Amino acid sequence: MCLKHTNEKGKLMLMETPINTIGQFNPASAPDYLPVAQLRQWQFSRLSAMVKWAYENVQMVRARMAQRQMTPDDLQSLEDITKLPFTVKNDLRDTYPFGLFACGFPEVVRLHASSGTTGKPIVVAYTQQDVDVWTGLMVRTFAACGLHKGDVVQNSYGYGLFTGGLGFHYGAEALGAAVIPTSGGNTERQIMIMKDFGVTVICCTPSYFVHIIEQAGQMGIDLKKLPLRAGLFGAEPWTEEMRRHIEKESGIKAYDCYGLSEIVGPGVGSECLAQNGLHIFEDYFYPEIIDPETEENLPEDVEGELVLTTLSKWAMPMIRYRTRDMTRIIPESCPCGRTVRRIEKISRRSDDMFIIRGVNVFPSQIEAALLRVEGTLPHYQIILTRSKGLDRIEVQVETSEKNLEEKSKSGEELKSKISYNLEHILGIRAKVTLVGPNAIPRSEGKAKRLIDKRHQ
Ligand code: DLL
């Protein structure tokens, strides 16, 4: 299945046979069903090549392995992966923008970006081969959820720097489906298109689909009467209760899809028709579960933080990336026959990142936005609510009594400066409320910045 390929720098790369020739995908022959022993062999040979590539081309990886007195030759088996150093989100921030790239232009043909922990985003890169592999992974995601050539896919994930839009788009086209690239927003128009174009599959965040359900109700449109039969939902945590609500109210099957920009975007893992855990496409991503405190590896079935290593990602290899997503590996085999292992639905994170309308937000970003504005006190609280299926964010900030006086010009100016900064840094609008000194409860330990009322 692999061809050897040498790039301009004379380095060895593994080339996969493309599986994304439009509409030619045969789900039964996907690596999802490889015998486990063969899968482990693939993983080991890809891991060895990937670590060598990263060691030779990414200064940070080389330095960290040197600290551990390691070279790629120390990897003698898959289990030896635990000897390798971790990578964390702040490594991407500290090397912003391109410090973790293993090759430059023209090999890099695509860039995406996602929220960092403060003002700057993190940047991720793809070679053409990486884009092709990603497309193949999305084809496998669609196939696992029962989609096929001829489906009409409305893609309401955001197009742009976010990986959701283009990731789902390329995959749907390669599957042989028709894609309608609606991107997010303008919900009435989305519903009109869904109805008039005979859409069979919707791809968006689960919270946005809940909003679509509500809006359709107000427009007098019964989604159950439309050809729509499946939704591929991800980019944020959602519960089994939410799945039941969606399926009951819209008459579709709701599938969970997982991924993150640092690793590839969507396409890291997906549910299958059994809707019981997400298969990780293990031939491309090696999963481990660790205790987030001790960093020790945990056995299958025990909940911990998911750590992923890319096994074929040439522009930006990721070695033992700490996702901060909490889950467990399900040890039982799946009735669908796939041999690639499943993780449980992701329920929470081990850090303070939250996701609102599909956008990742760290309280530290909000703090950075506030601190740029003179006249605010470093006391703030973030309140998340949900109304009519839409998430809303309010930032309460302490300021002086003077700014709170009725019709205070300085107060209004302050609010608009904060709103502008927040929108600029987060990319979403937040309601800003000014409160008086000491209005926000003080804490003796870690400040409680976030009050999430969305599930109340
Ligand atoms: O959210 C990629 C994606 C797009 C996945 C569309 C699925 C569908 P990021 O913006 O980098 O990438 O955010 C990644 O989102 O670490 C999780 O915390 C969260 N996340 C993604 N999918 C799920 C999911 C995309 N199915 C971060 N369930 C991840 C729970 C999810 N959390």
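**Exercises around a ligand and two sheets**

A polar side-chain atom of N360 sits 3.0 Å from an oxygen atom of the ligand. The model is predicted, so local features need pLDDT of at least 70 and side-chain atom pairs pLDDT 80 or more, while totals for chains, interfaces and linings use all residues. Numbering starts from 1 along each chain as its sequence is written, and side-chain values use heavy atoms, with hydrogens and water left out.

**Exercise 1.** Find which residues come nearest to the ligand, and list further polar contacts, meaning N or O atom pairs within 3.5 Å.

*Solution.* Start with the residues that have a heavy atom within 4 Å of the ligand. There are 24 around the ligand, and D256, C257, S261, D325 and N360 come nearest. Next, take the contacts. R349 places a polar side-chain atom 3.1 Å from a ligand oxygen atom. For E236, a polar backbone atom is 3.3 Å from a nitrogen atom of the ligand. Finally, look at the cover: of the 610 Å² of accessible area that the ligand has on its own, the protein covers 98% (Shrake-Rupley method, 1.4 Å probe).

**Exercise 2.** Work out which elements give two or more residues to the shell around the ligand, and how the shell residues divide into nonpolar, polar and charged.

*Solution.* Elements here are DSSP runs numbered from the N terminus: helices are H or I with at least four residues, strands E with at least two. Two elements qualify, α5 (163–175) and β9 (253–260). Of the elements, β9 gives the most, with five residues. Now sort by class: twelve residues are nonpolar, seven polar and five charged. In this scheme Asp, Glu, Lys and Arg are charged, Ala, Val, Leu, Ile, Met, Phe, Trp, Tyr, Cys and Pro are nonpolar, and the others, Gly among them, are polar.

**Exercise 3.** Trace the open sheet that contains β20, β21, β22 and β23, and state why β22 and β23 each have a side without a neighbour in the sheet.

*Solution.* Strands pair if DSSP finds at least two bridges between them. The order is β22-β21-β20-β23, with mixed pairing. Because β22 (431–435) and β23 (450–452) are at the edges with a single partner strand each, one side of each lacks a neighbour in the sheet. On average, neighbouring strands are turned by 20° against each other, direction ignored. Zoom in on one pair: β21 (390–398) and β22 are parallel over five bridges, and Q396 stands opposite T433 in β22. Then add the helix: α9 (363–371) lies across β20 (380–387) and β21, at about 120° to β20. Contact means heavy atoms within 4.5 Å, and axes are lines fitted to C-alpha atoms (for helices, over the stretch in contact), with angles from 0 to 180 degrees between N-to-C directions.

**Exercise 4.** Do the same for the open sheet with β12, β13, β14 and β17, and place R324.

*Solution.* The order reads β12-β13-β14-β17, with antiparallel pairing. Its edge strands, β12 (285–290) and β17 (348–349), each pair on one side only. Between β12 and β13 (304–310) there are six bridges, and P287 has L308 as its bridge partner in β13. R324 belongs to β14 (321–327) and has a positive phi of about 75°, although R324 is not a glycine.

**Exercise 5.** Locate the cis peptide bonds that join Y96 to P97 and F105 to P106.

*Solution.* Omega is near -5° for Y96 to P97 and about 10° for F105 to P106. P97 lies in the loop between α3 (89–94) and β3 (108–114), and P106 is placed in the loop between α3 and β3 as well.

Key:
A polar contact is a pair of N or O atoms within 3.5 Å; within protein, one must be able to donate a hydrogen and the other to accept it, and residues adjacent in sequence count only if both atoms are side-chain atoms.
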